[in-house]
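Here are a few friendly notes to read alongside the model. Keep the picture open and find each element as we come to it.

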Amino acid sequence: MRKKIVIIGVGFLGRHLFKFLRNYFDVVGVDINYNENGSINKVDVTNKKEINFFLKKEKPDFVINTVAMSSYVACQNNYELCRKLNYNAAVNILNACNHISAKMIFISSSYVFDGDKGNYLEEDIPNASSHYSTLKIAAEKEVLKNKKSIVIRSEPMYGYDELKKTLVIGTKSLEGNFEIAYPELLRCPIFINDIPSIIYGLIIKEECGIFNVAGKDKLRWIDFVSKLDMIENKFSRIRIVDASNWELEPPHDTTLDITKINKIGMNITSFTDALDKLRKLL
Ligand SMILES: NC(=O)c1ccc[n+]([C@@H]2O[C@H](COP(=O)([O-])OP(=O)(O)OC[C@H]3O[C@@H](n4cnc5c(N)ncnc54)[C@H](OP(=O)(O)O)[C@@H]3O)[C@@H](O)[C@H]2O)c1
């Protein structure tokens, strides 16, 4: 019998997960708003009773939580909402999973690190530099109290969003003016299409614990965004802006070491190959 998986949060990542994982599992989607022809269930995961009731009814084998306020700047400006979405929701989902013995997969971020060192290993100790990172670290700790859980620490994601019909970089669409205040940041961005197959591999291999998920290439932020910007052959939408007006300095080098996922045979697309794939898509 096919196993059942519930994807909570059908946003940029959730949509890619939904499309890929339905080839292997019975997939049920949950979101607060989004509804693709009625196939996504409307549930507010900040409401304990709602998510408990829903998961008890569905009885999935696995639950992937992608819900978050994913912009670290937005989190800095609204601690209460950030806490609700990035921490409380994760705890509600974990408790509901524990009741039905479902395995929880939580999407965390390389921003749990302060960015002073780079090339972080799964064993390195996180150090918060914003509300976003504080609450991701706290949520990770809760989720990992269940030894079967998986925590994915991801570098910025990029790729094509079929719903928005645009390229997406991190939490922003590449349309209009794309402002960069810190061009020298170092990142190993991950092609969004790689993440569903990595998660599938971790499930099939019955893995648990923390896994770094990042691209192969360590890139300056400006070089990374410029190359994506050039795919569409439009005149540049990038604007370098004065960092002194930026609300919160991002961590400098959040790059992650991906030896652990490489060792268990996960495939990561190089930035050059991802650019080729995106050119064909656009
Ligand atoms: N994007 C990146 O580059 C990146 C990098 C590292 C880690 N991450 C992490 O990866 C995860 C997925 O990121 P993403 O970019 O796919 O985020 P996203 O596009 O914002 O998706 C999150 C989804 O959750 C939904 N949601 C919000 N509140 C909810 C609630 N109370 N109940 C149910 N659903 C709710 C959102 O709906 P609305 O849109 O209607 O609010 C949205 O569809 C997040 O945990 C993020 O922190 C992302």
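The points below cover a helix pair, the surroundings of the ligand and one further helix.

1. Before anything else, please keep in mind that this is a predicted model.

2. Start with helix H4 (residues 79-100) and helix H5 (residues 131-143), whose axes lie 9 Å apart and meet at an angle of about 10°. Angles under 35 degrees count as roughly parallel, and H4 and H5 are therefore roughly parallel to each other.

3. Which residues make the contact between H4 and H5? On the H4 side they are Tyr79, Cys82, Arg83, Asn86, Tyr87, Ala90, Val91 and Leu94. H5 brings His131, Tyr132, Leu135, Lys136, Ala138, Ala139, Glu142 and Val143. Sorted by class, this contact has 11 nonpolar, 2 polar and 3 charged residues.

4. Now turn to the ligand, which has 26 residues around it. Gly9, Gly11, Phe12, Leu13 and Ala68 come nearest. Two elements, helix H1 (12-21) and strand S5 (103-109), each give two or more residues to this shell. The largest share comes from H1, with 3 residues.

5. What is the make-up of the shell around the ligand by class? Its residues divide into 13 nonpolar, 11 polar and 2 charged.

6. Last, have a look at helix H6, which spans residues 194-204. Its buried residues are Asp194, Ile195, Pro196, Ile198, Ile199, Leu202 and Ile203. After H6 comes Glu206, and the phi of Glu206 is positive, near 55°.

Methods. Residues numbered from 1 in each chain as written. Predicted model: local features only at pLDDT ≥ 70, side-chain atom pairs only at ≥ 80, totals over all residues. Buried ≥ 20, exposed ≤ 12 C-beta atoms within 10 Å, placed from the backbone. Helix = DSSP H or I, 4+ residues; strand = E, 2+ residues; numbered from the N terminus. Near = placed C-beta within 6 Å. Nonpolar A, V, L, I, M, F, W, Y, C, P; charged D, E, K, R; others polar. Axes fitted to C-alpha atoms, helices over the stretch in contact; angles between N-to-C directions. Parallel < 35°, antiparallel > 145°, perpendicular 65-115°, else oblique. Contact = placed C-beta atoms within 7 Å.
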